[in-house]
Amino acid sequence: MAEFLQIMISGLAAGAVYALAAVGFTLLWQASQAINFAQGEFVMLPAFFVLIGTGYFGLPLWVAILLAIVISILVLGIAFKKLVVEPMLPHGTLPLVIATIALGLLMKESVKEFYSAQGQPFPPLFPQTVFEVFGAAISVQDVCNLLVSLLVILGLQMFLQRSRTGRSMQATAQNPAVAEILGVDVKKMVMYTFIINGFLAAIASILISPFYLAKFSNGETLGLIAFIAAIVGGFNQIRGALVGGLLIGVLDNLAAAYVSAQYRAAVPLILLIVIIMVRPQGLVGTTEGRAV
Amino acid sequence: MSWLRIAAVLAAIVVLVLAPMGQTTYFVYVLCSWLVFSIAAMGLNLTLGYAGQVSLAQAAFMGIGAYVTSLMTLAGIHWIFAVFASVTSCFAVGLILGYPALRVQHHFLAFVTLAFNALVFLVLRNEEWLTGGSFGLVGMPRPEFLGFKTGTQTQFYYFVLVCFLIATGIMAWIIHSPWGRAFKALRENPIRANSLGLNTRRMTLLAFAIGSAFGGLAGAIQAPLVQFIEPGSFALIHSLKLLLMVVVGGSGFFLGPILGAAIVVLLPELLRFTEGYYLMVYALMVLVLMVFSPTGLFGLGTRFWQRLTRPKQVERGDLKQGASL
């Protein structure tokens, strides 16, 4: 029982961070029909911004983190939209898929060549103490990760549902043409989506790197998990990405503990295939009537 | 087929026959792997360029082909039977995988194949009793046909070339058959194709399964070529590489994947002076190419050619007269 509780908490903590990446992925898909195959690399990169800040420029950790978030928004949000997505959108989905694959490759190789091919230790943000609840060892780091991720996602949800800008963004996501007619600045709303994605990627990167070490190849697994979380939960809902992320985090840890460590990576993949066959709209997603 | 086209095909075959003469073994090996990847990319082009579906599992199908062929030839069965088994098993797996994915919505195939590739990799690595795990399989024999041996690199090149020409011929036949026209109709406008009485789902599934079978064929040739296979050669990244081949060359153009494979296989040799930066240079080139010409190099070439050959506007004499009045 104690072991089970322990597995659940650390699974939820990892899952909440996956959910951050998945939410960004979902938002981009909704706003611009762009499937970002570089999403994993987007989560890999900001940790290196922090490391460059603390290592090369000797900044205090919190300054480096703030700077990394700002740079992520500029590079992964605004520059990505202006330089890659915008010129390619008129050509349809496929060239954009290829371009994001190439972009992911470029980011991965750049980090490997210009920083290091080795995994880098990343400073933890929260105290590394462990406390006991019902005999289960729960780490403060896990609980804090879970809380921060949930707060960010809830805040985002509030922003999208309550604020005027957020509602305009949702209108844009559902039907850009109608939103335009209703006086929504569609271009600006799409840009906001990219900015939010850059921000979420930065937060996810900073939360997860103390566990995984900052490594150029982290994007491979993270990207795949973000995909799967987004699809499992439901591609057209933020709630879906959250459910998908948490579910994968927990299942992954359960599989590693009770099934087989060798095949733990197979669990999300099988989950994905099953979901697509049984419930293609995702667990909490709704079917879209958008066709032709 | 016009006479000009037949002459061009014959000339290309002559060039391919003469290519390995007086070259180093390594160069001949690079040529062989170009032809092998061309076959796999050609199959993917059918799925992607003609039927309009993104598949991210072509490397997994190459892997299935390579492992089936290796296990059978290592057990003493002739390559001819092994290649038959490889191609049919990939065709069957393609059908099983594509059926549920295409039943839902088009981009789901991309995700299902992505997951499938990752699963195949895990199985190849973990099932050591069958696949040798991460140590792989070694020493696949090179086939022999009625006394014609394929032991040396040049002999093997001609064997690969024959396979390549047969595969290209079959692909050309498929594309010019009513099926091929149906695939194209599907890509251009699935709804219109459907309204014309085409069973879009069945045609797309067929295109995907045939494309996968070509991947199996490529794997079956790769096994005796490299004589050492391990799971890493068939990981997801290689599927992405195959996808890049098709798109960089020009998806939907018959020769596109062959050009794309040439670029992906030969470019590391040309960019050797950049040392570790090869992949970065390559990724940057793909990005720039996609921004300027999303239809790949063939699309770029066609547009350039059209601009050259487009008739110039001739000013009408009577207009000039009228203007001067």
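Q: What counts as a salt bridge, and at what N to O distance do A:Lys81 and A:Glu86 meet in one?
A: A salt bridge is a side-chain nitrogen of Lys or Arg within 4 Å of a carboxyl oxygen of Asp or Glu. Keep in mind that this is a predicted model. The side chains of A:Lys81 and A:Glu86 pass that test, and their N to O distance is 2.6 Å.

Q: Is A:Lys81 buried or exposed?
A: The cut-off for buried is under 20% relative accessible area. Its partner A:Glu86 sits at 29%, so A:Glu86 is partly exposed. A:Lys81 comes in at 5%, so the label for A:Lys81 is buried.

Q: How many residues apart in sequence are the parts that A:Glu220 and A:Lys108 tie together?
A: A:Glu220 and A:Lys108 form a salt bridge, with their closest N and O atoms 2.9 Å apart. A:Glu220 belongs to helix α9 of chain A and A:Lys108 to helix α4 of chain A, so the pair bridges a sequence gap of 112 residues.

Q: Which residue of the pair A:Glu220 and A:Lys108 is buried?
A: A:Glu220 has a relative accessible area of 47%, so A:Glu220 is partly exposed. A value of 8% falls under the 20% cut-off, so the buried residue is A:Lys108.

Q: Where in chain A is A:Asp252, the salt-bridge partner of A:Arg264?
A: The side chains of A:Arg264 and A:Asp252 meet at 3.2 Å, N to O. A:Arg264 sits in the loop between α10 (238-259) and α11 of chain A, 12 residues away in sequence from A:Asp252. A:Arg264 is partly exposed at 31%, while A:Asp252 is buried at 12%. The element that holds A:Asp252 is helix α10.

Q: How many salt bridges cross the interface of chain A and chain B?
A: Over all chains the structure holds three salt bridges. Look across the interface of chain A and chain B, though, and the count is zero.

Q: What share of the area buried between chain A and chain B comes from carbon and sulfur atoms?
A: The contact draws 38 residues from chain A and 37 residues from chain B. Together the two chains bury about 3500 Å². Carbon and sulfur atoms give a share of 85%.

Q: Which three residues supply more of the area that chain A buries against chain B than any other three?
A: The area buried between the chains is about 3500 Å². On the chain A side, the top trio supplies 16% of what that chain buries. The names are A:Ile98, A:Tyr263 and A:Ile276.

Q: Which helix gives the most residues to the side of chain A that touches chain B?
A: Two residue pairs are in polar contact between the chains. On the chain A side, α3 (61-88), α4 (93-114), α9 (218-233) and α11 (266-278) each supply at least two residues. The top contributor gives 14 residues, and that is α4(A).

Q: How many residues on the side of chain A that touches chain B are nonpolar?
A: Helix α4(A) gives the most to this side, with 14 residues. By class, the side includes three polar and three charged residues. The nonpolar count is 32.

Q: Which residue's backbone nitrogen lies 3.2 Å from a polar atom of the side chain of A:Thr100?
A: A:Thr100 is in helix α4 of chain A, and its relative accessible area is 2%, so A:Thr100 is buried. Its contacts beyond four places in sequence are A:Ile35, A:Asn36, A:Phe37, A:Ala38 and A:Phe80. The backbone nitrogen in question belongs to A:Phe37.

Q: Which side chain makes a polar contact of 2.7 Å with the side chain of B:Ser86?
A: B:Ser86 lies in helix α4 (residues 79-104) of chain B. Its relative accessible area is 0%, so B:Ser86 counts as buried. Among the residues it touches are B:Gly65, B:Val68 and B:Ala220. The 2.7 Å contact is with B:Thr69.

Q: Are the rings of B:Phe61 and B:Phe116 stacked, edge-to-face or tilted?
A: There are 18 aromatic pairs over all chains. The ring centres of B:Phe61 and B:Phe116 are 5.6 Å apart. Stacked needs planes under 30 degrees apart and edge-to-face over 60. The planes here are at 35°, so the pair is tilted.

Q: Which residue of chain B is in an aromatic cluster with A:Phe25, A:Phe37 and A:Phe227?
A: A:Phe37 also touches A:Thr100. The cluster takes in A:Phe25, A:Phe37 and A:Phe227, and its chain B member is B:Phe111.

Key: Residues are numbered from 1 along each chain as its sequence is written. Chains are lettered from A and ligands numbered from 1 in the order in which they are written. This is a predicted model: local features need pLDDT of at least 70, side-chain atom pairs count only at pLDDT 80 or more; totals for chains, interfaces and linings use all residues. Side-chain values use heavy atoms; hydrogens and water are left out. Helices (H or I, at least four residues) and strands (E, at least two) are DSSP runs, numbered from the N terminus. Buried means under 20% relative accessible area, exposed over 50%, partly exposed in between (1.4 Å probe, protein chains only). A polar contact is a pair of N or O atoms within 3.5 Å; within protein, one must be able to donate a hydrogen and the other to accept it, and residues adjacent in sequence count only if both atoms are side-chain atoms. Contact means heavy atoms within 4.5 Å. Buried area is the accessible area (1.4 Å probe) that two parts lose on being put together, summed over both. Ala, Val, Leu, Ile, Met, Phe, Trp, Tyr, Cys and Pro count as nonpolar, Asp, Glu, Lys and Arg as charged, and the others, Gly among them, as polar. Rings of Phe, Tyr and Trp (its six-membered ring) pair if their centres lie within 6.5 Å; planes under 30 degrees apart count as stacked, over 60 as edge-to-face and the rest as tilted.
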